[in-house]
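The following exercises are for a reader who meets this structure for the first time. Please work through each task before reading its solution.

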Amino acid sequence: MHDLFGLEVGFRDPGVKTFGLENALFPVGNQFIEVVSPIQENTAGGRYLDRRRGDGGYMVICQCDQHAPRKARVAELGIRKVMESDGHEYSVMQLHPRDTGGSFSGN
């Protein structure tokens, strides 16, 4: 990312190891680009890359101010959740990619 866009790694999240991944986050204005790589066999990300036969986009993460209406809409549509967490500072809802045509999270 540095050679192509002049971006430096701003953070590496050790928590993604739970999913068999390692990552690097690159700040871009008040947003970021995250690059992840599988570090163990049979991860969801690794299987996706295998199906694509190479590198590619895997997930879009969106931020919103009103999480409750999105949660209600997901329930109404019967979309499965891969992960959900409501904390003091943020909420996370990751939707099943087969139900959405991709994988989206909101916080």
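**Exercise 1. How much area does the protein expose, and what part of it do carbon and sulfur atoms supply?**

Solution. The exposed area is about 8,100 Å², computed by the Shrake-Rupley method with a 1.4 Å probe, where for residues only the protein chains shown count as cover. Carbon and sulfur atoms supply 50% of the exposed area.

Some conventions apply throughout. The model is predicted, so local features need pLDDT of at least 70 and side-chain atom pairs count only at pLDDT 80 or more, while totals for chains, interfaces and linings use all residues. Residues are numbered from 1 along each chain as its sequence is written, and side-chain values use heavy atoms, with hydrogens and water left out.

**Exercise 2. Describe the overall arrangement of the protein.**

Solution. Step one is to list the elements: the protein has 4 helices and 6 strands, taken as DSSP runs numbered from the N terminus (helices H or I, at least four residues; strands E, at least two). Step two is their order, which from the N terminus is α-β-β-α-β-α-β-β-α-β. Step three concerns extent: along the principal axes, the C-alpha atoms fill a box of roughly 45 × 30 × 20 Å. Lastly, 22% of the 107 residues are buried; buried means under 20% relative accessible area, exposed over 50%, and partly exposed in between (1.4 Å probe, protein chains only).

**Exercise 3. Determine how strand β5 is placed.**

Solution. Begin with burial: 5 of the 5 residues of β5 (residues 91–95) are buried, so the strand is largely enclosed by the rest of the structure. Next, take the faces in turn. S91, M93 and L95 are buried on one side, and V92 and Q94 are buried on the other. Then consider the pairing, which requires at least two DSSP bridges between two strands. Strands β4 and β5 run antiparallel and are joined by 5 bridges; in one of these pairings, M83 has Q94 as its bridge partner in β5. A hairpin of 4 residues connects β4 to β5.

**Exercise 4. Trace the salt bridges around K71 and R80.**

Solution. The rule comes first: a salt bridge is a side-chain nitrogen of Lys or Arg within 4 Å of a carboxyl oxygen of Asp or Glu. The count by this rule is 5.

Now follow K71. Its side chain meets that of E84 in a salt bridge at 3.0 Å, N to O. This pair links helix α3 (residues 67–77), where K71 lies, with strand β4 (residues 81–86), where E84 lies, 13 residues apart. K71 also forms a salt bridge with D86, with the closest N and O atoms 2.7 Å apart. That pair again links α3 with β4, across 15 residues. A network of salt bridges links K71, K81, E84 and D86.

Turn next to R80, which forms a salt bridge with D99, the closest N and O atoms being 2.8 Å apart. D99 is in helix α4 (residues 97–100) and R80 is in the loop between α3 and β4, so the pair ties together parts that are 19 residues apart in sequence. D99 is partly exposed at 29% relative accessibility, and R80 is partly exposed at 44%.
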